[in-house]
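Hi,

Here is the structure I promised to pass on. Have a look at it first, and then read my notes below.

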Amino acid sequence: MIDLRSDTVTRPDDRMREAARDAEVGDDVYGEDPTVNELEARAAGILGMDDALLVPSGTMGNQVAARTHTERGQEVVCERQSHVYKWELGGLAQHSGLQVRPVDGDERGVIAPEQVHGAHVEADSHRPGTGLLTLENTHNSKGGRAIAPDRIDAAARAAHELDVPVHLDGARLFNAAVAHDRPASRFTAEVDSVLVCLSKGLGAPIGSVLAGDAEFIERARRVRKLMGGGMRQAGIVAAPGIVALESRERLAEDHDNARRLAAGLDGIDGLRAPEPETNIVVVGTDDPAEDVVAACEEVGVDCVAFGDYRVRLCTHRDVDRGDVDEAVDRVERALT
Ligand SMILES: *Cc1c(COP(=O)(O)O)cnc(C)c1O
């Protein structure tokens, strides 16, 4: 099976397994795991933030961030297709008593500064007030769009003019950084917190990192405990995470493979695949997406329906150029 459903399907490599085995560990809830502390310090440095916090998943990182930035009842301004709104089980409401005011970004998922102003609600005796703006980069549902740093800056500045803090869901921020050939820290200059996943393109088995200023992370650490995310000898998880963090440049290979995959699929009757910006390929289909996914599965290519007539395929560390070519051949056979 050539598994192109997501970049989360990678298996940890030997270096990661060895790092986990050999990790020096302690009780991280007491702050005593040296490997976790090292991962958090390195991640903070790479992201240009004071401090960072290891969390079990990207979802928990976003939810902890939202809870830490806000008070119950406040509004959160999110892009309508954003992960934190669409794919996290309504967690903003469930965990933090927040309500979402979705705004429609452009076709790449960019929110303009005027939209931030337009969505803003001032707290008064009737209205709860806007408590947070979230941004997403790369934008998953829009097809892995790598949003330029100045677009992130502009939206964040608009929020700050209104005294609203900003969280960046950068589950795949390193893909955006590689696509724009800029350091990840360039994308976080104007935001108050950022979440990155170690378990997607970077290939770690478990883990995400939430970063922000020292005071924010101190409060986020308590919220993580509240939500059940305090882990004990978590160096076992952090050690492969450090290996992952140091392999950011390899994402360029996934982007090359994604372009090759899209070009191949675009040549098949009934499929349209615009050139991807990162490792996510979204294909428009003439037949219903569910039928295309089923046909692909029969020939050993796993992908996911992403709308009624859209299919998503992701490149990642466990598929190489040869696998991509083979996948295109098989899909062509299945559909023609
Ligand atoms: C995957 C993803 C998350 C959540 O990460 P999990 O580790 O799967 O919980 C959050 N935001 C975006 C944009 C994602 O793609």
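To start you off: with which residue does R127 form a salt bridge? The partner is D124, and the closest N and O atoms of the pair are 3.6 Å apart. Before you go further, keep in mind that this is a predicted model.

**Salt bridges**

Let me stay with that pair for a moment. R127 has a relative accessible area of 41%, so R127 is partly exposed. D124 is partly exposed too, because its relative accessibility is 43%.

Another one to look up is the salt bridge between E190 and R157, where the closest N and O atoms are 3.7 Å apart. This pair links distant parts of the chain, with the two positions 33 residues apart in the numbering. E190 sits in the loop between helix 8 (173-180) and strand 7 (193-197), while R157 belongs to helix 7 (residues 149-161). With 23% relative accessibility E190 counts as partly exposed, and at 42% R157 counts as partly exposed as well.

Then there is R317, which forms a salt bridge with D318; here the closest N and O atoms are 3.8 Å apart. D318 has a relative accessible area of 36%, so D318 is partly exposed. You will also find D3, R5 and D302 joined into one network by salt bridges that share partners. The count for the model comes to 24 salt bridges.

**Strands 3, 4, 5 and 6**

Now for some strands that pair in the parallel sense. Is strand 3 mostly covered or uncovered? Mostly covered: 5 of its 5 residues are buried. E75, V77 and E79 point one way from strand 3, whereas V76 and C78 point the other way. In a regular strand, side chains alternate between the two faces of the sheet.

Strand 3 has partners you can trace by eye. With strand 4 (residues 99-103) it pairs in the parallel sense over 5 bridges, and E75 stands opposite Q99 there. Strand 3 (residues 75-79) also runs parallel to strand 5, and 3 bridges join these two. On that side, E75 has T130 of strand 5 as its bridge partner, and V76 stands opposite L132.

Strand 5 (residues 130-136) is worth a closer look. Of its 7 residues, 7 are buried, so strand 5 is largely enclosed by the rest of the structure. Strand 5 also pairs with strand 6 (residues 166-169), in the parallel sense and over 4 bridges. In that pairing, L133 has V166 of strand 6 as its bridge partner.

How buried or exposed is L133? L133, found in strand 5, has a relative accessibility of 1%, so L133 counts as buried. If you want a distance to check in your viewer, try the C-alpha atoms of L133 and L53: they are separated by 20 Å, and the two residues are 80 apart along the chain.

**The open sheet**

Further along the chain, which strands form an open sheet, and in what order? There are 4 strands in the order 9-10-13-12, and their pairing is antiparallel. Strand 9 (271-272) and strand 12 (304-305) stand at the edges with a single partner strand each, so one side of each is left without a neighbour in the sheet. At one of those edges, strand 12 runs antiparallel to strand 13 (residues 310-314), and 2 bridges join them. You can spot V304 opposite R312 of strand 13.

**A charged patch**

Last stop: which residues form a negative surface patch? They are D287, E290, D291 and D308. To find the patch, go to D287, which lies in the loop between strand 10 (280-285) and helix 12 (289-298). D287 has a relative accessibility of 46%, so D287 counts as partly exposed.

That's my tour. Happy browsing!

Conventions
Residues numbered from 1 in each chain as written. Predicted model: local features only at pLDDT ≥ 70, side-chain atom pairs only at ≥ 80, totals over all residues. Heavy atoms only, no water. Patch = residues over 30% accessible without salt bridge, like charges linked within 9 Å, V, L, I, M, F, W, Y side chains within 5 Å. Areas by Shrake-Rupley, 256 points an atom, 1.4 Å probe, with all protein chains shown as cover. Salt bridge = Lys/Arg side-chain N within 4 Å of Asp/Glu carboxyl O. Lys, Arg positive; Asp, Glu negative; His and termini not counted. Charge placed at Lys NZ, Arg CZ, Asp CG, Glu CD. Buried < 20%, exposed > 50% of the residue type's maximum accessible area, 1.4 Å probe, protein only. Pairing = 2+ DSSP bridges.
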